[in-house]
Amino acid sequence: RALFPFGFHVTGMPIKAAADKITRELEMFGPNFEIPEEQTTEDNLSEEVSELSVGDAPNSGQNFRAKKTKVAAKFGNVQYQFQIMRSQGLSNEEIAKFVDAEHWLEHYPPIAINDLNSLGCKIDWRRAFLTTDYNPYYDSFAKWQFERLYEMGKIKFGKRYTIWSAKDGQPCMDHDRQSGEVVGPQEYTGVKLSMLEWSEEGSQVVAAIPALAGKKISLVAATLRPETMYGQTNCFVGVNLEYGFFESADASEVYVITERAARNMAFQGLSPSNGQIVKLGTITGKQIIGSKLNAPLSCYTNGVYVLPMDNVLATKGTGVVTSVPSDSPDDFAALRDLKKKADYYGIKPEWVAGFELVPVITTPAYGEMTAPALCEQMKINSQKDRKQLEDAKEAAYKEGFYNGIMSVGEFKGLSVIDAKPKVREQLIASGDAFAYAEPEKLV
């Protein structure tokens with residue numbers, strides 16, 4: 001009784017990404033797509049890491065996590081694009097033609113038409129069309145709509161955080177990803193701990209890099225808890241991590257962070273030019289330890305020391321961790337270990353002596369000292385009790401966020417929910433912090 005028009009949705013970026021994969025795989029394996037035995041899935045995935053774009057409106061995030069990627073669900077445990085094409089009965093010679101994105105649009109619609117006719121679908125094929133600029137008529141229609149809406153003030157241009165493919169220079173949506181579907185941006189506050197006094201080893205490294213002369217140098221810690229910065233007692237770095245000196249957007253300031261974090265920042269307007277990092281030199285975490293920093297909002301106005309932390313994770317954040325041991329079980333356990341065994345960890349006792357815990361947040365469940373209370377309750381004896389610390393961290397953050405009241409600072413008496421954005425805004429306005437984001441996990 002009815003004839004339906006039919007549109008072929010040309011998904012654009014995913015098709016281009018798939019065509020580019022065939023191009024790369026031809027370069028890697030030749031026209032016969034012969035894979036060397038030592039090639040692994042992990043090697044392939046490591047080349048696909050994407051970066052976040054510049055933005056000012058964070059993704060709301062989702063709690064759902066798919067157990068399998070769409071590719072795995074459809075084609076099993078395949079690794080490369082050409083393997084997917086082979087599973088559809090295509091020869092190597094035919095697969096090679098798919099380096100041209102338009103070939104996809106010529107190959108698949110006739111197959112879809114045949115399948116739909118076989119199903120008995122009543123479709124008016126005279127009115128069938130493809131979308132995007134492949135079809136200039138449809139493209140002009142879409143442009144006309146947006147131009148009218150823009151003239152009416154119904155739409156505007158802006159930026160938001162999104163997973164960004166540095167390789168393709170475009171946002172990288174779920175359909176484009178080999179791994180990391182539904183992973184969104186995680187927004188942090190990048191707190192700048194400016195250098196007051198370098199350690200002996202650190203000062204030697206800095207002196208050997210002429211480009212650092214006269215520049216303000218800051219270690220940047222990415223935190224999800226800006227409202228706790230009043231309780232900073234020290235800063236942690238990974239002993240064996242390599243950090244770089246990277247120029248900020250303001251060339252007079254240099255950030256000490258991991259290269260991965262610097263690459264992320266370069267796509268968020270935090271480097272001299274978009275997508276490009278300016279690296280002035282390198283330094284190890286071991287060489288930074290013992291340096292003295294200015295910690296914004298901390299009651300220790302004369303500065304705090306950089307200390308070693310075994311479990312600093314280089315895969316997230318900037319590789320620099322600012323320490324609030326009254327609120328963070330991880331920080332409390334690490335600082336307690338350092339105070340007990342200063343010689344063992346290779347630090348001077350004065351770097352930890354005198355830095356007592358500062359009450360920041362009061363909660364009904366744990367009082368003013370959330371971290372010590374949880375560590376005692378869960379029988380956490382050292383920073384190596386990882387499982388208990390993960391549970392303690394979750395409990396501390398949940399109780400603090402939903403039931404916590406600020407017990408210090410300008411927003412004393414305010415709930416943590418209300419104080420968090422205000423403290424963050426204050427830090428950014430004073431130039432002591434900036435907005436920073438990265439993918440929640442590997443993409």
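**Tryptophan 125 and its partner**

I started at tryptophan 125, which is partly exposed at a relative accessible area of 25%. I kept in mind that this is a predicted model. The ring of tryptophan 125 pairs with that of phenylalanine 6: their centres are 5.4 Å apart and their planes stand at 55°, so I noted the pair as tilted. Next I looked up where the two partners sit. Phenylalanine 6 belongs to the segment before strand S1 (7–8), while tryptophan 125 is in the loop between helix H6 (101–118) and strand S3 (129–130), so this pair ties together parts that are 119 residues apart in sequence. Phenylalanine 6 has 22% relative accessibility and therefore counts as partly exposed, given that buried means under 20%.

**A second ring pair**

I then turned to phenylalanine 33 and phenylalanine 82. Here the ring centres are 4.7 Å apart and the planes are at 20°, so the pair is stacked. This pair, too, links distant parts of the chain: I found phenylalanine 33 in the loop between helix H1 (13–29) and helix H2 (41–46), and phenylalanine 82 in helix H4 (residues 81–86), 49 residues apart. Are these two rings buried or exposed? Phenylalanine 33 is buried, with 3% relative accessible area, and phenylalanine 82 is buried as well, at 1%. Following the ring pairs further, I got a cluster made of Phe29, Phe33, Tyr80 and Phe82. My count of aromatic pairs came to 20.

**Strand S8**

My next stop was strand S8, residues 234–237. Asn234 and Phe236 point one way, Cys235 and Val237 the other. That fits what I expect, because side chains in a regular strand alternate between the two faces of the sheet. I also noted that all four of these residues are buried.

Which strands does S8 pair with, and in what sense? S8 runs parallel to strand S13 (residues 304–308), joined by four bridges. With strand S14 (residues 320–323) the pairing is antiparallel, again over four bridges. For reference points I wrote down that valine 237 stands opposite proline 308 in S13, and that phenylalanine 236 stands opposite valine 321 in S14.

**Tyrosine 345**

Proline 308 came up again when I checked tyrosine 345. Leaving aside neighbours within four places in sequence, tyrosine 345 is in contact with Pro308, Asp310, Asp337, Leu338 and Gln383. Tyrosine 345 sits in the loop between helix H11 (329–340) and strand S15 (361–362). Buried or exposed, I asked myself? Tyrosine 345 has a relative accessible area of 17%, and the cut-off for buried is under 20%, so it counts as buried. I also looked up its distance to leucine 307: the two are 38 residues apart in sequence and 9.2 Å apart in space, C-alpha to C-alpha.

**A nonpolar patch**

On the surface I found a nonpolar patch of Phe146, Leu149, Tyr150, Met152, Ile155 and Phe157, together giving about 680 Å² of accessible area. One of them, leucine 149, lies in helix H7 (residues 136–151). Leucine 149 is partly exposed, with 32% relative accessible area.

**Whole-protein numbers**

I closed the page with the totals. The protein has 14 helices and 17 strands. Of its 443 residues, 46% are buried. The protein exposes about 23,200 Å², with carbon and sulfur atoms supplying 53% of that. How many of the contacts between residues at least 6 apart in sequence join residues at least 24 apart? I noted 74%.

Definitions and conventions: Residues numbered from 1 in each chain as written. Predicted model: local features only at pLDDT ≥ 70, side-chain atom pairs only at ≥ 80, totals over all residues. Heavy atoms only, no water. Buried < 20%, exposed > 50% of the residue type's maximum accessible area, 1.4 Å probe, protein only. Helix = DSSP H or I, 4+ residues; strand = E, 2+ residues; numbered from the N terminus. Pairing = 2+ DSSP bridges. Contact = heavy atoms within 4.5 Å. Patch = residues over 30% accessible without salt bridge, like charges linked within 9 Å, V, L, I, M, F, W, Y side chains within 5 Å. Areas by Shrake-Rupley, 256 points an atom, 1.4 Å probe, with all protein chains shown as cover. Salt bridge = Lys/Arg side-chain N within 4 Å of Asp/Glu carboxyl O. Phe/Tyr/Trp six-rings, centres within 6.5 Å; stacked < 30°, edge-to-face > 60°.
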